[in-house]
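Good morning, and thank you for coming. Please take a moment to look at the sequence and the structure before I begin.

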Amino acid sequence: MRLQTRFGKGLCVLLLATAAACTNSAQTPPAPVAQAPAPPPPAPLPVRIVDQFNTMFGVHPGFRANHAKGALFEGTFTPAPTAKSLSKAAHLQKVAVPITVRFSNGGGLPDMPDNHPSYRTRGMAVKFKLPNGKYTDIVCISTNGFPVSNGEDFLLLLKAIAATTPDSPKPTPIEAFLGSHPAAAKAVATPQPIPKSYATEAFFGVDAFKFTNAAGESQFGRYHLVPEAGEHYLSDEAAAKLPPNFLSDDVKARLKKGPVKFKLMVQLAKPGDTINDATAVWPDSNPTVKLGTITITKADPDSLADEKKLLFVPTAVTDGIAPSDDPIIPLRAQAYGVSFARRVNK
């Protein structure tokens, strides 16, 4: 009554209403504060690697993200008598089988000239048609050994290359990477002269595979493709004067005179050799086994269209040949699959 008399009835109503509001507020939880959405998980590593190649070289519909420029050829593979002692694989027995060969240049530009001063790694992939109608592949490059041993480091290498510009402060991103990755530094420092022809370049399988013969005996080895014409290279000055497609043009010119041949060899691992690290180059003194002869007889007249539809992967093996546990092998297969899916869907 004193409150009403002193302050008036209106103020009493206001105070009571405020008290009720405070009571209700205490009983009702506040509205939740909107949370920022969680960032999406990173894409799988093979996808990020292909994306990085596309960032560096651009997207070229219908072409591979790496080794975009290539040329297809046809021929046969004839196994050597020594092949079956190493493996029971069907194409390594007695009968010659048809093959498709793709030569290529490293890098993601389909029109990259063969004498480009920076991208000198070449590729040679072979697809063997087995007697049962299935296929098996080998995928080789022109360097003996790989610059890194795993996919994460390979992505970091690509990013370091892309981030390095002429005005990058020292140490540049690529210098910093090479400083912490001695195998990559050694690979970069190894000369890569430009060959006179794809037919005069040697190619190496940087990953080890397990070869098992009919008796169940297994050995690890790496492929080595040796040109029967010998290894012949050009000076940078001489190469600069040649047309942009001289490597495949030379093969085509040779085919007018006769077949182009490569010896398919396997370098065997010795006890103590590392078989799951593509940076670990084995000594030249390791024993070798001749698997047979690759005989290229003609160029594919529809190479540009046909190679877009072909996929060569190191995991396309057959009974008698199995991948080692080198992590680069499945990574390459997965990345090639990502690139293949993109180009066939364009």
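In which helix does aspartate 153 lie? Aspartate 153 belongs to helix α5, which covers residues 151-163. Please bear in mind that we are looking at a predicted model.

Aspartate 153 is buried, yet it has no salt bridge. The nearest side chain of opposite charge is that of arginine 48, and it is 11 Å away. The side chain of aspartate 153 does, however, make a polar contact of 3.5 Å with the side chain of histidine 181.

Let me turn to charged residues that do have partners. Side chains of opposite charge can pair when their charged atoms come close. How many salt bridges does a search of the whole structure find? The search finds 10, and I shall present three of them.

In one of these, lysine 69 pairs with aspartate 114, with 3.0 Å between the closest N and O atoms. Lysine 69 is in strand β1, whereas aspartate 114 is in the loop between β2 (97-105) and β3 (122-129), so this salt bridge ties together parts that are 45 residues apart in sequence. Are these two partners buried or exposed? Lysine 69 has a relative accessible area of 11%, and because the limit for a buried residue is under 20%, lysine 69 counts as buried. Aspartate 114 is buried as well, with a relative accessible area of 1%.

Another salt bridge joins aspartate 319 and lysine 88, and here the closest N and O atoms are 3.8 Å apart. Aspartate 319 sits in the loop between α10 and β12 (321-323), and lysine 88 in the loop between α4 (83-86) and β2, so the pair ties together parts that are 231 residues apart in sequence. Aspartate 319 counts as exposed, at 55% relative accessibility. Lysine 88 is partly exposed, with a relative accessible area of 36%.

The last example is found within a single helix. Arginine 254 and aspartate 250 both lie in helix α9, four residues apart, which is about one turn of the helix. Their closest N and O atoms are 2.4 Å apart, and the two residues form a salt bridge. Arginine 254 counts as partly exposed, at 26% relative accessibility.

I now move from charges to empty space. Rolling a probe the size of a water molecule over the atoms shows where empty space is left.

The second largest pocket has a volume of about 290 Å³. Lysine 69, which we have already met, is among the residues closest to its centre, together with Gly70, Ala71, Ser248 and Glu307. In total, 20 residues line this pocket. Which element gives the largest share of the lining of the second largest pocket? Strand β1 does, with five residues. By class, the lining of this pocket consists of 10 nonpolar, four polar and six charged residues.

The structure also holds two cavities of 30 Å³ or more. The largest cavity contains about 40 Å³ of space, and its lining includes Val139, Asp207, Phe209, Tyr223 and Arg332. Five nonpolar, one polar and two charged residues make up that lining.

The second largest cavity contains about 30 Å³ of space. Among the residues that line the second largest cavity are His91, Phe128, Tyr223 and Val317. Strand β4, residues 135-141, provides the largest share of this lining, three residues. Tyr223 therefore appears in the linings of both cavities.

Thank you for your attention.

Terms used:
Residues numbered from 1 in each chain as written. Predicted model: local features only at pLDDT ≥ 70, side-chain atom pairs only at ≥ 80, totals over all residues. Heavy atoms only, no water. 1 Å grid on protein atoms, 1.4 Å probe; cavity = no way out; pocket = protein on both sides within 12 Å on 5 of 7 lines; lining within 4 Å. Points joined across faces, edges and corners; volume = space filled by probe spheres on them. Helix = DSSP H or I, 4+ residues; strand = E, 2+ residues; numbered from the N terminus. Nonpolar A, V, L, I, M, F, W, Y, C, P; charged D, E, K, R; others polar. Salt bridge = Lys/Arg side-chain N within 4 Å of Asp/Glu carboxyl O. Buried < 20%, exposed > 50% of the residue type's maximum accessible area, 1.4 Å probe, protein only. Lys, Arg positive; Asp, Glu negative; His and termini not counted. Polar contact = N/O pair within 3.5 Å; in protein donor to acceptor, adjacent residues only side chain to side chain.
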